[in-house]
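Colleague: Please take a close look at one part of this model for me, starting from a single contact and working outwards. I'd like it all in one connected answer.

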Amino acid sequence: MRKYKYTKETLDVALEELQSENVVQRKNYVKFISMASRSELFGKTCDTLSVQTWFLSSDNREKLIRVLHQEAEEKLLWEYLLILLMVCERYIDHRCYAKDFAKESSCVEFKQRAYEIAKQYAHHSSAIVRQMSGSIIGYMGDNDVWGIFCNVMLKKRDLLTISHITLGIRRHCTGVANGDNHFFGGTMTNNQRMDILNSLRLVYQKSSNKSIKGMCLRTIEELENTKEVANKA
């Protein structure tokens, strides 16, 4: 029988160890849970349905949220928030599951709790924590994300941060182009669109990193060519 890396047992141990006072130990175990949330679905390292059940357990969800609230290290907070986002994307909304799976109570409750946590941390002192909070808020269709992203780009312009922000913006553009029912960031007003474009242009001008400049340029072009505003009131 194949031995999976991410199982109920290994995840239970990791969740307990997140209460350690040793920051290095917490970092290792939150990384393990984070990798499980991003694991290849139905791949060789993850018993997908078992891991899905583990993440959607209300007990595990609330334990994870409790240790998140106890965490002071910004990089670990970012990782916790990433876990919440990836569970929504990969274990709830992924198209490989039954059409109405995301409507089940465990899924609805998880997404609601993830959204609540993201709103709580949207004004955190750390720019990377605000970025990941914004990514969750945008995923839920809340256009507060655009102001958050603009604020973050004033403070933080590293490759990882800009890659997450440009990914969210380009998801919005793709949603508009495809006429999807769910748009990243929901309504984008013309003023918000201009603010995002100006923020991206500023990052482009100030950065010497070719990858960052390339991401900004592609995103600027895509947003400029997105004529329609999603869900325009």
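Modeller: Let's start with one pair: the side chains of Glu89 and Arg171 meet in a salt bridge, N to O at 2.7 Å. By salt bridge I mean a side-chain nitrogen of Lys or Arg within 4 Å of a carboxyl oxygen of Asp or Glu. The count of salt bridges between domain 1 and domain 2 is one, and three residue pairs are in polar contact there, both partners at pLDDT 80 or more. A polar contact is a pair of N or O atoms within 3.5 Å; within protein, one has to be able to donate a hydrogen and the other to accept it, and residues adjacent in sequence count only if both atoms are side-chain atoms.

On the domain 1 side, helix H5 (74-92) and helix H7 (127-139) each supply at least two of the residues that touch domain 2. H7 gives the most, with 10 residues. Sorted by type, the residues on this side come out as nine nonpolar, four polar and two charged. For that sorting, Ala, Val, Leu, Ile, Met, Phe, Trp, Tyr, Cys and Pro count as nonpolar, Asp, Glu, Lys and Arg as charged, and the others, Gly among them, as polar. Helices here are DSSP runs (H or I, at least four residues), numbered from the N terminus.

A quick word on what you're looking at. This is a predicted model, where local features need pLDDT of at least 70 and side-chain atom pairs count only at pLDDT 80 or more, while totals for chains, interfaces and linings use all residues. Residues are numbered from 1 along each chain as its sequence is written, and side-chain values use heavy atoms, with hydrogens and water left out.

Stepping back, the domain assignment gives domain 1 as 1-140 and domain 2 as 145-227; such bounds come from an automatic or database assignment. Taken over C-alpha atoms, the centres of domain 1 and domain 2 are 25 Å apart. The contact uses 15 residues from domain 1 and 16 residues from domain 2, with contact meaning heavy atoms within 4.5 Å. The size of an interface is often given as the accessible area lost when the parts come together. Here, about 1200 Å² is buried between domain 1 and domain 2, and carbon and sulfur atoms give 66% of that. Three residues stand out: Arg130, Gln131 and Gly138 supply 37% of the area that domain 1 buries against domain 2, more than any other three residues. Buried area is the accessible area (1.4 Å probe) that two parts lose on being put together, summed over both.

Now have a look at Met140, in the loop between H7 and helix H8 (144-155). Leaving out residues up to four places away in sequence, Met140 touches Cys88, Lys111, Ala114, Tyr115 and His182. Met140 and Phe183 are 43 residues apart in sequence, yet 8.4 Å apart in space, C-alpha to C-alpha. Met140 counts as partly exposed because its relative accessibility is 22%. The scheme is simple: buried is under 20% relative accessible area, exposed is over 50%, and partly exposed is in between (1.4 Å probe, protein chains only).

For a contrast, try Ser34 in helix H2 (residues 23-37). Ser34 has 0% relative accessibility, so this residue counts as buried. The Ser34 side chain makes a polar contact with the side chain of Glu79 at 2.7 Å. Beyond four places in sequence, Ser34 touches Glu79, Leu82 and Ile83.

Back to salt bridges, since our starting pair was one. A search of the whole structure finds 17 of them. One joins Arg170 and Glu222 (3.0 Å, N to O). That pair links distant parts of the chain, with Arg170 in helix H9 (residues 159-178), Glu222 in helix H11 (residues 210-224), and their positions 52 residues apart. Arg170, at 30% relative accessibility, is partly exposed, and Glu222 is partly exposed too, at 24%. There's also a network of salt bridges linking Arg61, Glu62, Glu109, Arg113 and Glu116. Within it, the closest N and O atoms of Arg61 and Glu62 are 2.8 Å apart. Arg61 counts as buried because its relative accessibility is 9%.
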